[in-house]
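Hi everyone, thanks for coming. Let me put the model up on the screen, and then we can walk through it together.

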Amino acid sequence: MKSTPELVDLEKSDFDWFRELIERESGIHIRENKYMFMYNRLLRRIRNLGMDNFSQYKDYLRTGEGFEKELGKLLEEIVIPESSFFRYQPQFEMLVSMILPDLMKRRIMQGKPLNVVSFGCATGEEPYSIALLLYDRLSVSQRQLVRIRAVDLSETLLSKAREGLYEESDLANVPPIFLSQYFIRENGGYRLISRVSQMVHFYKFNLVHENWTRFNFSDLAFCRNTTIYFNKEARHQVNYNLKNCLRENGYLVLGHTEIINGDQNGLKHMGNMVYRKVNP
Ligand SMILES: C[S@@+](CC[C@H](N)C(=O)[O-])C[C@H]1O[C@@H](n2cnc3c(N)ncnc32)[C@H](O)[C@@H]1O
């Protein structure tokens, strides 16, 4: 049995080294006062790997093999996966009253595909909320035109999302009619029916390190409560990519603290952190 690393084991220089690594690889900025948070998260990885101390873990991450195998797991420890169905309702009201009618007219009614992406989807509540609304409003043939992709850097969160199984407490904002029509009780929880869940395709994707061209021609992009943890540079880069991946007149939905200087960017603010891509 390996001994537990002592608190003193995480030197300030090592703490900074881990913070820098995480920031470089994910955009996530960890503030200096997060020492205990980092200590506990790193400790979990160290125990899991059966290592003795923080330096050993650092040395492992410095090797090609260690970096390859371990970086994703370290990032998974750091991310904040909080989410819920129909989180921040005013945006979903806008989706129903303004965005979907517009996209129906310009895309679906013309027989054109409708591309939706949820960036930083965590355990799936956000893309599934969108899928529920679309499923409920579209005919079988119209649904064929819809592609909903949902991405996150954490494979663990994505696996949970693909499962589509939720606790009652996760579903507090789901309209009762949706709950009875589109969820099945299972093992004390609720499972989203497959006809709805299969509308969403989940992929692992790092917003700050991968090529965004696959998301070109998106009609609707959600990126909420994800870039708030990023440093300024990563946030700017992601906002730039978000705008560029949208089709003209496409919509971007951000978290309520993730303000961007929209009008100068060719993004018009429509209220409630919903933006529309316009000709600058
Ligand atoms: C707080 S959750 C937001 C979930 C959902 N969008 C919502 O608002 O309810 C933030 C998610 O962003 C993901 N994330 C953080 N950095 C990321 C990155 N560089 N690339 C992709 N996903 C990232 C995290 O794994 C986490 O699941």
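How many residues surround the ligand, and which are the closest? There are 20 around the ligand, counting a residue when one of its heavy atoms lies within 4 Å. The closest are Ser-83, Arg-87, Gly-120, Asp-152 and Asn-225.

A quick word on the basis: this is a predicted model, where local features need pLDDT of at least 70, side-chain atom pairs count only at pLDDT 80 or more, and totals for chains, interfaces and linings use all residues. Numbering runs from 1 along each chain as its sequence is written, and side-chain values use heavy atoms, with hydrogens and water left out.

Now the polar contacts, meaning N or O pairs within 3.5 Å. The side chain of Ser-83 places an N or O atom 2.6 Å from a ligand oxygen. For Asp-152, a side-chain N or O atom is also 2.6 Å from an oxygen of the ligand. Glu-126 brings a polar side-chain atom 3.0 Å from a ligand nitrogen. On its own, the ligand has 600 Å² of accessible area, and the protein covers 99% of that (Shrake-Rupley method, 1.4 Å probe).

As for the shell's character, 9 residues are nonpolar, 6 polar and 5 charged, with Gly counted as polar and Asp, Glu, Lys and Arg as charged.

Finally, the domains, from an automatic or database assignment: domain 1 spans 7-78 and domain 2 spans 89-277. Their C-alpha centres are 31 Å apart.

Notes
A polar contact is a pair of N or O atoms within 3.5 Å; within protein, one must be able to donate a hydrogen and the other to accept it, and residues adjacent in sequence count only if both atoms are side-chain atoms.
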